[in-house]
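Biologist: Please take a close look at one part of this model and its links to the rest of the chain. Give me the cut-offs as you go.

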Amino acid sequence: MMNNNKVYLRGRATQEYELKYYANNTPYIDFSLAVDNKLASKDNERSKAFFINVRVSGKTAEYLGRYGAPKGQLIVWGYLEQGSYKNQSSGQNVYYTRVVAEEVDIIDYRKKETVETQQNPFTGMGAFVPDVDEEDLPFN
(Lines give C-alpha, C1' and ligand atoms only; values in the text may rest on other atoms or scores of the structure.)
Protein backbone atom coordinates (compact mmCIF):
# COMPACT_ATOMS: atom_id res chain seq x y z
CA MET A 1 0.00 0.00 0.00
CA MET A 2 1.28 3.44 -0.90
CA ASN A 3 1.93 5.96 1.88
CA ASN A 4 0.63 9.41 0.90
CA ASN A 5 1.92 11.13 4.03
CA LYS A 6 5.11 12.64 2.56
CA VAL A 7 6.60 16.08 3.19
CA TYR A 8 9.40 17.90 1.34
CA LEU A 9 10.58 21.25 2.74
CA ARG A 10 13.43 23.67 2.12
CA GLY A 11 14.04 26.33 4.71
CA ARG A 12 16.24 27.76 7.42
CA ALA A 13 16.43 26.51 11.00
CA THR A 14 15.34 29.20 13.45
CA GLN A 15 17.67 28.15 16.28
CA GLU A 16 20.88 26.26 16.88
CA TYR A 17 20.63 22.48 17.01
CA GLU A 18 20.55 20.94 20.50
CA LEU A 19 21.20 17.21 20.59
CA LYS A 20 18.99 15.44 23.16
CA TYR A 21 18.49 11.75 23.95
CA TYR A 22 15.46 9.48 24.38
CA ALA A 23 15.38 7.12 27.38
CA ASN A 24 16.95 4.40 25.19
CA ASN A 25 19.94 6.70 24.37
CA THR A 26 18.81 7.38 20.78
CA PRO A 27 19.75 10.97 19.85
CA TYR A 28 17.22 13.46 18.48
CA ILE A 29 16.97 17.16 17.65
CA ASP A 30 13.80 19.28 17.69
CA PHE A 31 13.88 22.56 15.78
CA SER A 32 11.65 24.93 13.87
CA LEU A 33 12.14 25.38 10.11
CA ALA A 34 11.23 28.73 8.50
CA VAL A 35 9.87 28.03 5.01
CA ASP A 36 9.14 30.92 2.62
CA ASN A 37 5.49 31.47 1.74
CA LYS A 38 5.45 31.99 -2.02
CA LEU A 39 1.88 33.28 -1.82
CA ALA A 40 2.79 36.14 0.54
CA SER A 41 2.03 39.67 -0.58
CA LYS A 42 4.79 41.19 -2.69
CA ASP A 43 4.03 44.61 -1.15
CA ASN A 44 5.96 43.61 1.98
CA GLU A 45 9.72 44.06 2.02
CA ARG A 46 10.14 40.70 3.73
CA SER A 47 8.29 37.64 2.59
CA LYS A 48 6.21 35.87 5.18
CA ALA A 49 7.24 32.41 6.30
CA PHE A 50 5.68 29.29 7.71
CA PHE A 51 7.33 28.00 10.90
CA ILE A 52 7.22 24.22 10.95
CA ASN A 53 8.29 22.02 13.86
CA VAL A 54 10.68 19.24 12.84
CA ARG A 55 12.11 16.24 14.71
CA VAL A 56 15.13 14.34 13.43
CA SER A 57 16.57 11.33 15.24
CA GLY A 58 19.27 8.67 15.14
CA LYS A 59 22.40 9.00 13.02
CA THR A 60 20.78 11.80 11.03
CA ALA A 61 20.43 13.87 14.23
CA GLU A 62 24.09 13.29 15.10
CA TYR A 63 25.10 14.30 11.58
CA LEU A 64 22.96 17.46 11.66
CA GLY A 65 24.23 18.44 15.11
CA ARG A 66 27.83 17.99 14.05
CA TYR A 67 27.88 19.43 10.52
CA GLY A 68 24.82 21.68 10.23
CA ALA A 69 25.50 25.41 10.51
CA PRO A 70 23.62 27.19 13.30
CA LYS A 71 20.42 28.57 11.77
CA GLY A 72 21.50 27.02 8.47
CA GLN A 73 19.52 26.08 5.38
CA LEU A 74 18.21 22.52 5.06
CA ILE A 75 16.15 20.30 2.81
CA VAL A 76 13.94 17.96 4.85
CA TRP A 77 12.09 14.84 3.66
CA GLY A 78 9.72 13.15 6.05
CA TYR A 79 6.11 12.73 7.12
CA LEU A 80 3.57 14.58 9.25
CA GLU A 81 2.90 13.37 12.78
CA GLN A 82 0.19 14.52 15.15
CA GLY A 83 0.04 13.69 18.82
CA SER A 84 -0.62 14.90 22.32
CA TYR A 85 0.81 14.73 25.80
CA LYS A 86 -0.22 15.89 29.27
CA ASN A 87 1.59 19.00 30.52
CA GLN A 88 3.16 18.07 33.87
CA SER A 89 2.72 21.50 35.48
CA SER A 90 -0.82 22.39 34.32
CA GLY A 91 -2.25 18.91 33.78
CA GLN A 92 -3.73 20.00 30.43
CA ASN A 93 -3.43 18.07 27.19
CA VAL A 94 -1.08 19.66 24.65
CA TYR A 95 -1.62 18.84 20.98
CA TYR A 96 1.12 19.11 18.35
CA THR A 97 1.81 18.63 14.66
CA ARG A 98 5.36 18.21 13.40
CA VAL A 99 7.40 16.79 10.55
CA VAL A 100 9.37 13.67 11.42
CA ALA A 101 12.44 13.89 9.20
CA GLU A 102 13.50 10.70 7.47
CA GLU A 103 16.25 12.44 5.51
CA VAL A 104 17.98 15.82 5.83
CA ASP A 105 20.27 17.51 3.31
CA ILE A 106 22.46 20.24 4.75
CA ILE A 107 22.91 23.27 2.50
CA ASP A 108 24.89 25.43 4.97
CA TYR A 109 27.74 23.49 6.57
CA ARG A 110 29.59 24.59 9.72
CA LYS A 111 32.91 24.96 7.93
CA LYS A 112 31.92 27.19 5.04
CA GLU A 113 35.55 27.87 4.09
CA THR A 114 36.02 24.18 3.24
CA VAL A 115 32.93 23.80 1.07
CA GLU A 116 33.70 23.24 -2.59
CA THR A 117 31.23 23.62 -5.43
CA GLN A 118 31.12 20.93 -8.09
CA GLN A 119 29.28 21.45 -11.36
CA ASN A 120 26.41 19.04 -12.04
CA PRO A 121 26.48 18.22 -15.77
CA PHE A 122 22.75 17.39 -15.87
CA THR A 123 21.31 20.58 -14.34
CA GLY A 124 24.17 23.05 -14.59
CA MET A 125 23.67 23.81 -10.91
CA GLY A 126 26.35 23.46 -8.26
CA ALA A 127 26.15 20.95 -5.43
CA PHE A 128 27.84 21.67 -2.12
CA VAL A 129 30.32 19.05 -1.00
CA PRO A 130 31.94 19.45 2.42
CA ASP A 131 35.64 18.80 2.87
CA VAL A 132 35.55 16.47 5.90
CA ASP A 133 37.58 13.47 7.03
CA GLU A 134 35.93 10.15 6.17
CA GLU A 135 36.58 8.97 9.74
CA ASP A 136 34.32 11.73 11.13
CA LEU A 137 31.27 10.64 9.13
CA PRO A 138 28.66 8.82 11.25
CA PHE A 139 27.79 6.19 8.64
CA ASN A 140 31.30 4.65 8.22
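Modeller: A pocket here is an open set of points on a 1 Å grid over the protein atoms alone, where a 1.4 Å probe fits, with protein on both sides within 12 Å along at least five of seven lines. Its volume is the space filled by probe spheres on those points, joined across faces, edges and corners. The model is predicted, so local features need pLDDT of at least 70, side-chain atom pairs need 80 or more, and totals for chains, interfaces and linings use all residues. Numbering runs from 1 along each chain as written, and side-chain values use heavy atoms without hydrogens or water.

The part I pick is strand S3, residues 27–36. Helices (H or I, at least four residues) and strands (E, at least two) are DSSP runs, numbered from the N terminus.

Start with the pocket. The second largest one has a volume of about 220 Å³. Strands S1 and S3 each give two or more residues to its lining (an atom within 4 Å of a point). S1 gives the most, with 4 residues. The lining includes Arg10, Gly11, Arg12 and Ala13. Ala34, Val35, Asp36 and Lys38 also line this pocket, as do Thr14, Ala49, Lys71 and Gln73.

Now the core. The largest nonpolar core (buried Ala, Val, Leu, Ile, Met, Phe, Trp, Tyr and Cys joined through side-chain atoms within 4.5 Å) has 21 residues. Phe31 and Leu33 are among the members that touch the most others. So are Val56, Leu64, Leu74 and Val76. Two or more core residues come from each of S1 (7–13), S3 (27–36), S4 (49–57), helix H1 (59–67), S5 (73–86) and S6 (93–106).

Take Phe31. It lies in S3. Its relative accessibility is 3%, so it counts as buried (under 20%; exposed is over 50%, partly exposed in between, 1.4 Å probe, protein chains only). Contacts are heavy atoms within 4.5 Å. Beyond four places in sequence, Phe31 touches Ala13, Gln15 and Tyr17. It also reaches Ile52, Asn53, Val54 and Val56, plus Leu64 and Leu74. Phe31 and Val56 sit 25 residues apart in sequence, yet their C-alpha atoms are 8.6 Å apart.

Next, Leu33. With neighbours within four places left out, Leu33 meets Leu9, Gly11, Arg12 and Ala13. Its other contacts are Phe50, Phe51, Ile52 and Val54, then Leu74 and Val76.

Charge comes next. Asp30 forms a salt bridge (side-chain nitrogen of Lys or Arg within 4 Å of a carboxyl oxygen of Asp or Glu) with Arg55, the closest N and O atoms being 2.7 Å apart. Asp30 lies in S3 and Arg55 in S4, so the bridge ties together parts 25 residues apart in sequence. Arg55 is buried, at 15% relative accessible area. Asp30 is partly exposed, at 27%.

The whole structure has 3 salt bridges. Another pairs Glu81 with Arg98, the closest N and O atoms lying 2.8 Å apart. That pair links S5, which holds Glu81, to S6, which holds Arg98, across 17 residues. Glu81 is partly exposed at 24%, and Arg98 is buried at 14%. Then there is Lys6 with Glu102, at 3.5 Å between the closest N and O atoms. Lys6 is in the segment before S1 and Glu102 in S6, 96 residues apart. Lys6 is exposed at 55%, while Glu102 is partly exposed at 46%.
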